Structures are given as C-alpha cells and as structure tokens.
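Visitor: Please take one strand of this structure and examine it closely, together with whatever it pairs with and the side chains around it. I would welcome a single connected account.

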Amino acid sequence: MSKVKYYYDSESLSYRKIERKKRKTFAFISIFLLASFLFSFIIIFIANLYIESPKEKALKRELQNAQLQFELLNKKMDEAEAVLTNVADRDNNIYRVYFEANPIPDEQRKAGFGGINRYKNLEGFDNSELIIESNKRLDILQKQIVVQSKSLDEITVLAEEKEKLLTAIPAIQPVSNEDLTRMASGYGMRSDPFTKARKMHWGMDFTAPRGTPIYATGDGVVKRADAGSSGYGKHIRIDHGFGYVSLYAHLYKYKVKKNQKVKRGDLIGFVGSTGRSEAPHLHYEIFKDGTRINPINFYYGSLTAEEFSKLLEHASLENQSLD
C-alpha cells in the first residue's frame, strides 16, 4: 500500500490528508510515459547512429568488398585497354605496313553500340550510372578484341603468303662463287660473239667449267627442261609463282624434269655449252610477269656486300657476251 501523506492546515491548526485529484494523476502518468518514450527514442536513435547491428556490419562488409572488386575490375580494364591499344598500334604501323595491307580505322576499332538501349535493365538502382558506364567499357573492349583478333588472323595469312613469296623469289646466285671462273657478261647492251653487233643481252653469263653444278635460285615448279627454245640449247625454266620465272640456259645435262617441285639451293643441272653458245657458261634470266628484268637485283640471299659490289662492277662492263 502507498503511504498516506498529510499537510498542515494553518487555518484549522491541524493536519489534513493529501488527496490527489484524478486529473492530476492522469497528467502525471501521461508526462511520465511521454518522457519515457522520448528517452527511449533518443537512446535507440543514438544506438542506431553510433552502434552497428550484425546485419549492418555484414552489409557494410559486402559493400566494401563490392567496391574493392569494382576498383579491381576498372584497373584490369585500364590495363587491357592499354595492351590492346599497343597491339593495335603495332598492327597498323608495323605489321600491316610490312605486309602492305590497309590499316584498320580507329572508328572501326572503337565504335560504340547504337540503336536500342542495351542497358535499360541497369537503370533505377543506386550507382546505376557507374554500373552502366562499366558495362559499356566492357562491351567496347570485347568488340575491340574481336576486331583485333580478326586482324591478326588476316596478318597470319599475309605472313604465310609473304613467307611463300620470300622463299619463291630468286634470291641466290645460280652458280656458287667457288665454282665460278668469272662473271662474263651482264644485263644490257653487249657485243654479240657471232655477229659482233651490239644488241640487248637479256640475262647474265656465268663462266664455269663444263659439268659445274647449277642450283635453283628460289622455290618453284619446273615448267620446262628441254632444248626446244631457239638459242638456249638445253635449258630449264622454273615458275616461282607471284609472277616470277627463272631461266637457266646452255646446260650440259638436267637433274630435274618437268613439273618437279624444287627448293632454293636444289641441284637442277650442270653447266654446258649447248645451243647458241661460244664457250661453257650459264646464261641466267629472270622474268617478272612475262617481262625480263635484271638478275643483278636478286642475289641478296647468297652474296656479301663486298661480293655483290664486285659482281655489280663486272656486270656493268659493256663487253662481249657468250651467247
């Protein structure tokens, strides 16, 4: 039971019992409850503000991890873009220049994606702009990789063709220097050994003893190995492809036959003096697209700079040819 409280009444000079009115009691209770609610609210607010719940801690860790992964993703994209830019630069300015192919325009390499909104499903979220931008970078990067991959496939084909061309072009001397007596006559106007008149000499004459080996100057297919062409006697013609044909005339005998495939450096015949010839020698010609061209420009595969210089000097002399 609650204690009974009294107060002293000065008029009646006696103690009177304190009786609390119901209205005051209700007001007191209401104030107490309101104060308790406010105090609880403040405590909860402060707790929410400064004290993290386990769920909030877990969400915060997930958010931090997502931010870290996003930063790593962007860093990897930066690195991939840098590498791809370097490869594209070499592709355009080295590979395609070397293989005589047109460079790929930057507009084609870095083109975006037009038309419909590809990223509509990513809108309306927190950091949507950031997510959309990252997806755009990834899509463009993937497209650039596809373009570059196709370009490198094309370069591979060009390289294979270039390799075939380099092995096919007549690039060595048909008679080795060890077996060579001298370079008797070069390409140009020369004195005919029979008529003594000046006329065009369409090849180069290499003087060597009868039976000296003759070698194919490039990869190809033997198209002729006969004596059916006027003046050449026994001769060989090799089709190297790419418009190149080499001719070896006045042979003593053959080591190949028609339609036989040969490699650069293969033995194909021996020096002789058949046909319209004054002495044992090899008459050597090169055709490009059906036109005779100077063989002097095709010895980079077998001669040193000094040897080539001497050969060029002898080939330039307007002496008498041997055929």
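Guide: Let us begin with one pair of residues: I286 has I293 of β15 opposite it. The model described here is a predicted one. The strand to follow is β14, which spans residues 281-288. Its partner in this first pairing, strand β15, covers residues 291-293, and the two run antiparallel with 3 bridges between them. They form a hairpin with 2 residues between the strands, where D289 adopts a positive phi near 55 degrees.

Two further strands pair with β14. Strand β10, residues 244-249, is antiparallel to β14 and is joined to it by 6 bridges. Within this pairing, Y244 has K288 of β14 as its bridge partner. The side chains of these two residues also meet, since K288 lies over the face of Y244, 5.1 Å from the ring centre; the cut-off for such a contact is within 6 Å of the ring centre and within 35 degrees of the ring normal. Strand β6, residues 204-207, is likewise antiparallel to β14, with 4 bridges joining the two. Here D205 is placed opposite H283 of β14.

How much of β14 is covered? Of the 8 residues in the strand, 7 are buried, so β14 is mostly covered, where buried stands for under 20% relative accessible area.

The aromatic rings come next. The structure holds 2 aromatic pairs. One of them joins Y187 and W202, whose ring centres are 6.2 Å apart; the planes meet at 70 degrees, so this pair is edge-to-face. Y187 sits in the loop between β3 and β4, whereas W202 sits in the loop between β5 and β6, so that 15 residues separate these distant parts of the chain. Y187 is partly exposed, its relative accessible area being 22%. W202 is partly exposed as well, at 35%.

The other pair brings us back to β14. Y248 and Y284 form a tilted pair, with 5.3 Å from centre to centre and 45 degrees between the planes. Because Y248 belongs to strand β10 and Y284 to strand β14, the contact ties together parts 36 residues apart in sequence. Y248 is buried, with a relative accessible area of 0%. Y284 is also buried, and its relative accessible area is 0%.

In short, β10 is linked to β14 by 6 bridges, by the ring pair of Y248 and Y284, and by K288 lying over the face of Y244.

Technical notes:
Residues are numbered from 1 along each chain as its sequence is written. This is a predicted model: local features need pLDDT of at least 70, side-chain atom pairs count only at pLDDT 80 or more; totals for chains, interfaces and linings use all residues. Side-chain values use heavy atoms; hydrogens and water are left out. Buried means under 20% relative accessible area, exposed over 50%, partly exposed in between (1.4 Å probe, protein chains only). Two strands pair if DSSP finds at least two bridges between them. Rings of Phe, Tyr and Trp (its six-membered ring) pair if their centres lie within 6.5 Å; planes under 30 degrees apart count as stacked, over 60 as edge-to-face and the rest as tilted.
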